[in-house]
Each structure stands twice: as C-alpha cells, then as structure tokens.
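Me: Please take a close look at one part of this model, the nonpolar core, and work outward from there. Keep it brisk, and connect each point to the next.

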Amino acid sequence: MDIIKIQAVIKSRNTINKIHRYSLTRLIKQYAFLVNNQMVLNKIRKAEPNEKFMVTITTHRKRPIRDWDNLVGGVKQMLDSLTHRYSGFIWDDSIKLIGEPKISQTKAKGEEYTEITREPTSS
C-alpha cells in the first residue's frame with residue numbers, strides 16, 4: 001500500500017462550480033505537483049499501464065463539507081491529478097481500473113491536508 005499526504009484540501013462541488021474552467025485545469029496541475037513531490041520524497045513508483053488499484057481519499061478539513069454530494073463532486077479534480085497524464089499515481093480514473101474510490105473527510109485538529117492511498121488489486 002502506498003500513502004501520500006498533500007497540503008491541500010478537497011474543494012466542495014459548490015466551490016468548484018464557481019471556478020472558471022481554466023482555473024480548474026490550474027487546480028488539477030497544483031494537485032499533481034503536490035502528488036508528484038510526495039511520490040518522489042516517498043519513493044513511490046508510477047502506475048503501470050492498466051494497473052488496478054483500490055484508491056482511498058481522506059480530506060482533513062477545519063470546516064468539513066456538509067453534503068456528501070459536494071464532497072464527492074469535489075474529488076474529480078483530485079482524481080484527475082492522480083492519473084498518468086499528470087502525476088502517474090494511478091494509470092487512469094476509470095471504474096475498470098480503480099472501481100469505486102473510498103472518499104471521506106475528518107475534522108482537522110491542526111493543519112488541513114488530504115491523504116491518498118492506493119492498494120493494488122488482483123482483478
């Protein structure tokens with residue numbers, strides 16, 4: 001199992017809806033930069049083509065997102081940043097390769113961050 005911790009939190013879907021599409025691309029690249037950095041520091045290899053993983057994303061926020069759909073909707077940019085196009089933590093975010101990611105949030109006692117894990121699956 002590979003675990004990375006980045007100093008960014010998942011934005012809610014309501015916040016994402018107010019962001020211009022070019023700024024969304026910038027957000028994906030910012031997430032990817034942080035993920036790449038942690039992969040290098042922790043010596044985590046890039047995913048192989050069509051390699052399957054179980055992915056868990058937990059965001060630790062001072063003000064948790066209240067609605068489940070806002071939390072899940074805000075994860076799209078984070079998942080995009082994990083793909084081979086940006087950081088390579090996972091090959092692709094298709095259901096065939098990552099199934100249904102586990103998404104959760106907790107109330108941060110100190111600094112805000114997001115923890116992402118990947119665990120290889122056999123099928």
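Reply: Start with the core itself. The largest nonpolar core holds 26 residues. Those with the most contacts inside this core are Val-35, Ile-57, Leu-82, Phe-89 and Ile-116. Four elements give two or more residues to this core: S1, H2, S2 and helix H4 (76–82). H2 supplies the largest share, 5 residues. Bear in mind that the model is predicted.

Take Ile-57 next. Leave out residues up to four places away in sequence, and Ile-57 touches Ile-10, Val-75, Met-78, Leu-79, Leu-82, Lys-102, Ile-103, Ser-104, Thr-114, Glu-115 and Ile-116. Two of these partners, Leu-82 and Ile-116, are also named among the core residues with the most contacts. Ile-103 has a further role, as it stands in S3 opposite Ile-57.

That leads to the sheet. It is open and has 4 strands, in the order S1-S4-S2-S3, with mixed pairing. S1 and strand S3 (102–107) are the edge strands, and each pairs on one side only. On average, neighbouring strands of this sheet are turned by 15° against each other, direction ignored.

Now the pairings, one by one. In general, strands of a sheet pair through backbone hydrogen bonds, either parallel or antiparallel. S2 and S3 pair in the parallel sense, over 6 bridges. Strand S2 (residues 53–61) and S4 run antiparallel and are joined by 8 bridges. One place to find this pairing is His-60, whose bridge partner in S4 is Tyr-113. Strand S1 (residues 2–6) and strand S4 (residues 113–120) are also antiparallel, with 5 bridges. Here Ile-6 has Thr-114 of S4 as its bridge partner. Thr-114 is also among the contacts of Ile-57.

Helix H2 comes next. H2 (residues 21–41) lies across S1 and S4. The helix runs at about 130° to S1. Gln-38 is a residue of this helix. Gln-38 is buried, because its relative accessible area is 18% and the limit for buried is under 20%. Beyond its neighbours within four places in sequence, Gln-38 is in contact with Ile-4, Lys-5 and Ile-6. Those three residues fall within the range of S1, residues 2–6.

Val-75 sits on another approach to Ile-57. Its place is in the loop between helix H3 (68–74) and H4. Val-75 has 1% relative accessibility, so it counts as buried. Leaving aside neighbours within four places in sequence, Val-75 is in contact with Ile-10, Ile-57 and Ile-103. Ile-10 and Ile-103 are also touched by Ile-57. Val-75 and Val-9 are 66 residues apart in sequence, yet their C-alpha atoms are 9.7 Å apart in space.

Next, the rings. The search of the whole structure finds 0 aromatic pairs. Charges do sit over rings, however. The charged end of Arg-118 is over the ring of Phe-89, 4.8 Å from its centre. Phe-89 is one of the core residues with the most contacts. Lys-5 lies over the face of Tyr-113, at 4.3 Å from the ring centre. Both residues have appeared already: Lys-5 is in contact with Gln-38, and Tyr-113 is the bridge partner of His-60.

Finish with the loop between H2 and S2. Asn-42 lies in this loop. Asn-42 is partly exposed, because its relative accessible area is 40%. Residues up to four places away in sequence aside, Asn-42 touches Ile-3 and Ile-4. Ile-4 is also a contact of Gln-38. Asn-42 and Lys-96 are 54 residues apart in sequence and 27 Å apart in space, C-alpha to C-alpha.

Lys-43 belongs to the loop between H2 and S2 as well. At 76% relative accessibility, Lys-43 counts as exposed. Its phi is near 55°, a positive value in a residue other than glycine. Asn-50 has its place in the loop between H2 and S2 too. Its phi is near 60°, again positive in a residue other than glycine. Asn-50 is partly exposed, with a relative accessible area of 48%.

Definitions and conventions
Residues are numbered from 1 along each chain as its sequence is written. This is a predicted model: local features need pLDDT of at least 70, side-chain atom pairs count only at pLDDT 80 or more; totals for chains, interfaces and linings use all residues. Side-chain values use heavy atoms; hydrogens and water are left out. Two strands pair if DSSP finds at least two bridges between them. Axes are lines fitted to C-alpha atoms, for helices over the stretch in contact, and angles run from 0 to 180 degrees between N-to-C directions. Contact means heavy atoms within 4.5 Å. A nonpolar core is a set of buried Ala, Val, Leu, Ile, Met, Phe, Trp, Tyr and Cys residues joined through side-chain atoms within 4.5 Å. Buried means under 20% relative accessible area, exposed over 50%, partly exposed in between (1.4 Å probe, protein chains only). Rings of Phe, Tyr and Trp (its six-membered ring) pair if their centres lie within 6.5 Å; planes under 30 degrees apart count as stacked, over 60 as edge-to-face and the rest as tilted. A charge sits over a ring if NZ of Lys or CZ of Arg is within 6 Å of the ring centre and within 35 degrees of the ring normal.
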